[in-house]
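Please open the model in a viewer with residue selection enabled. The tour proceeds by selection, one stop after another.

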Amino acid sequence: QVQLVESGGGLAQPGGSLRLSCAASGSIFSISVMGWYRQAPGKQRELVATITRGGITNYADSVKGRFTIAMDNAKNTIYLQMNNLKPEDTAIYYCNGLLQRMMMAGTTNYWGQGTQVTVSS
């Protein structure tokens with residue numbers, strides 16, 4: 001069993017900061033890529049940022065220059081440092097991982113349960 005657990009969500013003021021964490025646990029053999037997605041009420045889920053095990057990052061245009069994704073390979077954990085938050089960042093943030101399980105061939109996508117981020121005055 002593989003589980004992705006997000007943490008760090010909460011309430012922030014515009015211009016403030018939050019740091020999200022996502023820890024992958026279970027029978028993990030290797031991780032190919034992990035990332036953050038978000039879904040606001042009435043909107044489609046959208047990509048926020050991704051990072052490969054080799055450190056290659058990708059960001060949505062809306063968060064470039066404000067958000068930073070990082071990975072701790074030893075801990076199978078990714079982070080999303082969110083600075084200069086805007087009300088438009090309000091959403092449920094989901095962790096995603098493409099990984100291979102021990103004793104199983106091929107890779108599989110896994111999703112976390114989501115963590116709420118609210119940006120409001």
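Helices (H or I, at least four residues) and strands (E, at least two) are taken as DSSP runs and numbered from the N terminus. With that numbering, methionine 102 can be placed in the loop between β9 (91-101) and β10 (108-111). The model is predicted, with local features requiring pLDDT of at least 70 and side-chain atom pairs counted only at pLDDT 80 or more, while totals for chains, interfaces and linings use all residues. Residues are numbered from 1 along each chain as its sequence is written, and side-chain values use heavy atoms, with hydrogens and water left out.

**Stop 1: the loop between β9 and β10**

Select methionine 102 and then methionine 103, which lies in the loop between β9 and β10. Accessibility is classed here as buried under 20% relative accessible area, exposed over 50%, and partly exposed in between (1.4 Å probe, protein chains only). Methionine 102 has a relative accessible area of 43% and is therefore partly exposed. Methionine 103 reaches 87% and is therefore exposed. Inspect the backbone of methionine 103 as well: its phi is positive, at about 65 degrees, although the residue is not a glycine.

Now add Phe29 to the selection. Phe29, Met102 and Met103 form a nonpolar patch on the surface, and their accessible area together is about 430 Å². Such patches are made of residues with over 30% relative accessible area and no salt bridge; nonpolar side chains (Val, Leu, Ile, Met, Phe, Trp, Tyr) are joined within 5 Å, and like charges within 9 Å. The areas come from the Shrake-Rupley method with a 1.4 Å probe, and for residues only the protein chains shown count as cover.

**Stop 2: the disulfide**

How many disulfides does the structure hold? There is 1 disulfide, the term denoting a pair of cysteine sulfur atoms within 2.5 Å. Select cysteine 22 and cysteine 95, whose sulfur atoms are 1.9 Å apart. Cysteine 22 belongs to strand β3 (residues 18-26) and cysteine 95 to strand β9, so the pair ties together parts that are 73 residues apart in sequence. The torsion about their S-S bond is about -85 degrees, so the disulfide is left-handed. Both cysteine 22 and cysteine 95 are buried.

**Stop 3: the salt-bridge network**

Side chains of opposite charge can pair when their charged atoms come close. A salt bridge is counted when a side-chain nitrogen of Lys or Arg is within 4 Å of a carboxyl oxygen of Asp or Glu, and by this rule there are 4 salt bridges.

Begin with arginine 38, which counts as buried because its relative accessibility is 5%. Its side chain meets that of glutamate 46 in a salt bridge of 2.7 Å, N to O. Glutamate 46, with a relative accessible area of 29%, is partly exposed.

Next select aspartate 89, whose side chain meets that of arginine 38 in a salt bridge of 2.9 Å, N to O. Aspartate 89 lies in the loop between β8 (77-82) and β9, and arginine 38 in strand β4 (residues 28-39), so this pair ties together parts that are 51 residues apart in sequence.

Which residue forms a salt bridge with aspartate 89 at 2.8 Å? Arginine 66 does, that value being the separation of the closest N and O atoms. Arginine 66 is in the loop between β6 (57-59) and β7 (67-72) and aspartate 89 in the loop between β8 and β9, so the pair ties together parts that are 23 residues apart in sequence. Arginine 66 and aspartate 89 are both buried. Shared partners join Arg38, Glu46, Arg66 and Asp89 into one network.

**Stop 4: the cavity**

Keep Arg38, Glu46 and Asp89 selected, since they are among the residues that line the largest cavity. Add the others in its lining: Gln39, Ala40, Lys43, Gln44, Glu88, Thr90 and Ala91. A cavity is a set of points, on a 1 Å grid over the protein atoms alone, where a 1.4 Å probe fits but cannot get out; lining residues have an atom within 4 Å of a point. The structure holds 1 cavity of 30 Å³ or more, and the largest cavity contains about 50 Å³ of space.

**Stop 5: strand β5**

Finish with strand β5 (residues 46-52), where leucine 47 lies. Isoleucine 51 is also placed in strand β5. Isoleucine 51 counts as buried because its relative accessibility is 6%. Its C-alpha atom is separated by 10 Å from that of isoleucine 31, 20 residues apart along the chain.

Key:
On a 1 Å grid over the protein atoms alone, a cavity is a set of points where a 1.4 Å probe fits but cannot get out, and a pocket is an open set with protein on both sides within 12 Å along at least five of seven lines; lining residues have an atom within 4 Å of a point. Grid points are joined across faces, edges and corners, and a volume is the space filled by probe spheres set on the points.
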